[in-house]
Amino acid sequence: MTSEATFKTIHVSYPEPHLERTKALIKAHPEVKSLFGTNSWSALCIFATVYIQIYLAWFCHDLHILPMIAIAWVVGAVFNHSLLVMIHDATHNLIFTSSSANRWWAMIANIPVVFPTAMGFRTFHLIHHRSQGEMDRDADLAGPGETALIGNSWWKKCLWFLSFYIFYGVVRPARLKKIKYLRDPWIYVNIAMQVIFIAALVWFYGWQSLIYLTLSSFFGVGLHPLGARWIQEHFVIHPNQETYSYYGPFNKVMYNVGYHNEHHDLMMVPWNNLPKVRKMAPEFYDSLVSYTSYWDLITRFIFDPSLTLASRVTRGE
């Protein structure tokens, strides 16, 4: 029998930890302000990755299904996840100073991802930073229904990873009724670009190319070592800490996305400067629990029945 308490979040009365650490960090190390700014080279990274993924979609259009799935898991998942990281930097206006330019580059990065997520992510992610742990505002949290559905079964957790895109992109926005994201006209520009791209892709290359890109997205955020990122960032596996960084090898190909405490503390720092934050202020990060292996983390989460979607800190009503 599973205890009902297993599916209850860790509800706290204190505020999220990053604002206070940001103030303390800047006071102790004002030189970190030199790391603030944008990285326009990210646009070149986006363009190159989009080009490669479209090329691979063409390459896979007449492959046997099994090699195509293998390429999507080994290669396509990494490329599409890296594009999601670029969407993330664009969300924080860390590519160009212009908000509109960042939106356009986020939508360009979105192209091989298939699902029109860039503009919706922009809305929900910025709210996540302002309202970390608030159940009625933070899309990073699983709702009670999602948590109960998955429970602590290892195979249901696997299915959750495989369908994470659906939960994050459809189920959670529908739950957060207070956030009127569909009023944003950029959402419809994002949708239109994806519809045009998908139609052109199927017309010129065929359905299997679309399947390759779709699998790349599902694997890139799901049942794959990179899927551990969603566990790494805010799942409470160690007491008294709600945000965690990852300092393993995937940072080399994922634009330092693992430096999550550093990012929450200093959102004005682009991806290339995040490791410098830790080097400049080691006393703020070396004492925090961090990870070096996504393989170990995703395996532990799947097979440890004490870890569920409710293993999160929540605050507010």
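1. Is the crossing in which helix 2 passes helix 4 left-handed or right-handed? Left-handed, as far as this model goes. Bear in mind that we're looking at a predicted model.

2. On the geometry of that pair: the axes of helix 2 (residues 41–59) and helix 4 come within 9 Å, crossing at roughly 25°. Angles under 35 degrees count as roughly parallel, so helix 2 gets that label relative to helix 4.

3. Who does the touching here? From helix 2 it's A43, I46, F47 and V50, and they meet W105, I108 and A109 of helix 4. Sorted by class, this contact of helix 2 with helix 4 has seven nonpolar residues, with no polar and no charged ones.

4. Now for the other neighbour. Helix 4 (residues 99–110) packs on helix 5 (residues 118–130) with the axes 9 Å apart and an angle of about 125°, which makes helix 4 oblique to helix 5. Helix 4 brings S99, N102, R103, A106, M107 and N110 to the contact, while helix 5 brings A118, M119 and R122. The class split for helix 4 with helix 5 is four nonpolar, three polar and two charged residues.

5. Have a look at I87 too, which sits in helix 3 (residues 65–91). I87 has a relative accessible area of 2%, so it counts as buried. Leaving out residues up to four places away in sequence, I87 touches A106, A109, N110, A118 and F121. Of these, A106, N110 and A118 also belong to the contact between helix 4 and helix 5, and A109 is part of the one between helix 2 and helix 4.

6. One distance for reference: I87 and C158 are 26 Å apart in space, C-alpha to C-alpha, and 71 residues apart in sequence.

Terms used: Residues are numbered from 1 along each chain as its sequence is written. This is a predicted model: local features need pLDDT of at least 70, side-chain atom pairs count only at pLDDT 80 or more; totals for chains, interfaces and linings use all residues. Side-chain values use heavy atoms; hydrogens and water are left out. Helices (H or I, at least four residues) and strands (E, at least two) are DSSP runs, numbered from the N terminus. Buried means under 20% relative accessible area, exposed over 50%, partly exposed in between (1.4 Å probe, protein chains only). Contact means heavy atoms within 4.5 Å. Axes are lines fitted to C-alpha atoms, for helices over the stretch in contact, and angles run from 0 to 180 degrees between N-to-C directions. Angles under 35 degrees count as roughly parallel, over 145 as roughly antiparallel, 65 to 115 as roughly perpendicular and the rest as oblique. Ala, Val, Leu, Ile, Met, Phe, Trp, Tyr, Cys and Pro count as nonpolar, Asp, Glu, Lys and Arg as charged, and the others, Gly among them, as polar. A crossing is left-handed if the near helix is turned anticlockwise from the far one by less than a right angle, and right-handed if clockwise.
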